[in-house]
Amino acid sequence: MKQKNNILAFTLLESLITLMLISIIIGLSYALIDLIGRQLSLFEKENTQVLEYNLFNSTLINDINNADDFSVDSNHLMLRFYNGDTINYYIQNKNILRRHDVITDSFDISAVHYKFVKSTNNRQSKDYLELKLELLQDTISTNYYLKKSNAKYINNLLFDED
């Protein structure tokens, strides 16, 4: 009697089609993973810039609110405190530096433009520092109102002291 051998196998064409489909799936998944990685990197960079700005903004506002007196030069803001401490803010090469005693902090924020606007009214101090900062490929304009302490204001008003 003759035995029949039924060999179950893939044809060459089926194997080639399977290899082609697998290579397309692997290529698309690699492109998708690369795209997700670039988007996460961009998100991390933007998030870092926003956190850096928030740190700078809250630090400067806190320093201004706690300061007793201030003075401004062309690229320098000096804040004096009641206990004799000073905090200096410098703008050098479009970067912002904060110096307090032996500590120097630098903020990775680009300052595009800065100017000090002094009020013309001697009764009310409306002096402010105008900063234009470059953040997330956009320009943000901020105003920080500088004030002398109430004791200095009363002394200047009543006794013409400096």
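**Pocket lining and open sheet**

Reader: Which element gives the most to the lining of the second largest pocket?

Author: With four residues, the element that gives the most to the lining of the second largest pocket is α1. The model is predicted, so local features need pLDDT of at least 70 and side-chain atom pairs pLDDT 80 or more, while totals for chains, interfaces and linings use all residues. Residues are numbered from 1 along each chain as its sequence is written, and side-chain values use heavy atoms, without hydrogens and water. The element asked for is thus α1.

Reader: Which elements give two or more residues to the lining of the second largest pocket?

Author: A pocket here is an open set of points on a 1 Å grid over the protein atoms alone, where a 1.4 Å probe fits, with protein on both sides within 12 Å along at least five of seven lines, and lining residues have an atom within 4 Å of a point. Leu42, Lys45, Glu46 and Asp108 are among the lining residues, as are Glu134 and Leu135. The elements (DSSP runs: helices H or I of at least four residues, strands E of at least two) that give two or more residues are α1 (12–66) and β7 (128–135).

Reader: Which strands stand at the edges of the open sheet of five strands?

Author: The order of the sheet is β1-β2-β3-β4-β5, with antiparallel pairing (at least two DSSP bridges between two strands). Two strands have a single partner strand each, so one side of each is left without a neighbour in the sheet: β1 (69–72) and β5 (103–107).

Reader: Which residue in β2 stands opposite valine 72?

Author: β1 pairs with β2 (residues 76–80) in the antiparallel sense over four bridges. Opposite valine 72, in β2, stands leucine 77.
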